[in-house]
Amino acid sequence: MTTKPCVMPSMDLPAQPAAAPLVATSANGCTPTANSAGAISSSAASSGARVLVVDDHRQARESMADVLRRAGHQVETLVSAVEAIKVLERESFDVIVTDLQMPGMNGLEFIHHLQQRPHGAQVLMVTAHASVASAVDAMRHGAFDYIEKPFNVDQLEHLVARAIQHGRLLDRKGNIEPTAGPGAPVMIGTSASMQILRMRIAQVARTSETVLIGGESGTGKELVARAIHAASDRRGAPLVSLNCPVLSAHLMESELFGHERGAFTGAESPRTGRFELADGGTILLDEITEIELPLQAKLLRVLQERSFERVGSSTTRDVDVRVLATTNRHLREEVTAGRFREDLYYRLAVLPITIPPLRERREDVQQLVEYFLCRAAERLHRPVCEMEPDAMQLLVEYHWPGNVRELENIVTRASVLNLGLPIAADQLRDWLIDAPRPAATSGATTSGLATAAIGSMPAAIEPSLNLEEMERKLIEATLERFDGHRAKSAQALGIGIRTLSGKLKAYGYAPRAKNRM
């Protein structure tokens, strides 16, 4: 089918064939959600979503509207951002498509305005090539993606479909209740344990009491702390965090309470501590068991009296700070062993919250995998990878000693090394500790990364490499396979030519080089 640019009059647009399975062609964002077989559902992507098109150019506006109506969407059109703001006060949409260059309020100003008010829509920016920098700025302020002029019918349909699916995925992520306010962290999962966790967060958030958040490494303790702050009455004030394990006892006291000039060798100027910085807000003490016993006594005083002195000062300073603390240890055992003060433990454990390990909420694994696949695709500027059923089953059944952090790392690694084929269990198994292996069969074949593709990759791509090294090896191997042809290499890798050129420049390749250096 020959497609025409969307800026052509609507009467000249070609008739569209029956909907086919969607394959995301844009470099950024989340594709329609994969079903249990790893396929993309086109019907789910175009099931009567509400789309608002804002463009002062009548021909372009009506052309886009016509394309989207033929795709099955309910479309309204407006000529200005000011008019759109008034309509959004009384109506809601799934997607807003706005032009950048408009008189009065331009598209970027429109998106900045939308960031300040809840609207629930995914925003797409239409821009000319020379204004891509503005489009990137728009994405920093909440836009889902942008599309460059001139574009064809398929590009517009696919991008809107992806935006719709992205919005619906967010709706299913189990975000915290609206009382959490804008900017609350996304907490994914619908299991019973996650529902209880959300309820606990809602219960403790509006108080000013100290909260002790426990859980294994990688379960998301800092995420829960940020969710509590975002849902609290202090959310307009700062959340100041301190990673306790990375500092020595000497530096820890200065970081917590600050110091005066000359308080110790190297103290050439006064320093404001974290408690002062958090005044009126919240302080997060991450892995609090790493604080040594002498400093625990000073911390206890702050919790009791809400006052302290800077190092090298006798002046008492009062603060209004809510304290959140995290630990991956059993504090009662630390108290029994004499490594943690019992009185400090009771001061911290006013409101204890325990985060369940991932192995106790396996029903959330698939939702987490889908979310991490989308995030990886956004960072890599490529379509979202599909996952075969056996791979998803392997991830659901695995015991996850590293919890959610380990799962995210595995999904990211699989996305970086993906060559365009669905991710299979065999590809993931070597990356998992003590993962079950299927019985060997004589006719077994390698899936996920096709055998031919693996055979053409250099032996230097090994699981022992870090992600950046593996990505570079993959890019260089693909470039070599296509004799230095960057356009073909970018297409094979599923990234844009500019993205590829930027990476090669970072690797030290000459601009527009035809062959490897």
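**Cysteines and disulfides in the predicted model.** In this predicted model, the count of disulfides, taken as pairs of cysteine sulfur atoms within 2.5 Å, comes to zero. Two cysteines can be placed by their accessibility: C244 has a relative accessibility of 1% and therefore counts as buried, and C385, at 10% relative accessibility, is likewise counted as buried, because the cut-off for a buried residue is under 20%.

**The largest nonpolar core.** This core is made up of 33 residues, and those with the most contacts inside it are V369, L395, W400, L407 and L428. The elements contributing two or more residues are α14 (365–380), α15 (389–397), α16 (403–417) and α17 (425–429), and of these α14 gives the most, with nine residues.

**Surroundings of L407.** Leaving aside residues up to four places away in sequence, L407 touches L358, V365, L368, V369, F372, L395 and W400. Among these partners, V369, L395 and W400 are themselves listed with L407 as residues having the most contacts inside the largest core.

**A second nonpolar core.** Separate from the core around L407, a second one holds 30 residues, including V240, F257, L295 and A349.

**Segments with pLDDT under 50.** Over the protein chain the mean pLDDT is 78, and 78% of the residues reach 70 or more. Across residues 172–182, however, pLDDT stays under 50, and for this segment the model has 30 contacts beyond four places in sequence. Residues 513–517 also stay under 50 in pLDDT, with 13 contacts beyond four places in sequence in the model.

Definitions and conventions
Residues numbered from 1 in each chain as written. Predicted model: local features only at pLDDT ≥ 70, side-chain atom pairs only at ≥ 80, totals over all residues. Heavy atoms only, no water. Core = buried A, V, L, I, M, F, W, Y, C linked by side-chain atoms within 4.5 Å. Buried < 20%, exposed > 50% of the residue type's maximum accessible area, 1.4 Å probe, protein only. Helix = DSSP H or I, 4+ residues; strand = E, 2+ residues; numbered from the N terminus. Contact = heavy atoms within 4.5 Å. pLDDT = per-residue confidence, 0-100.
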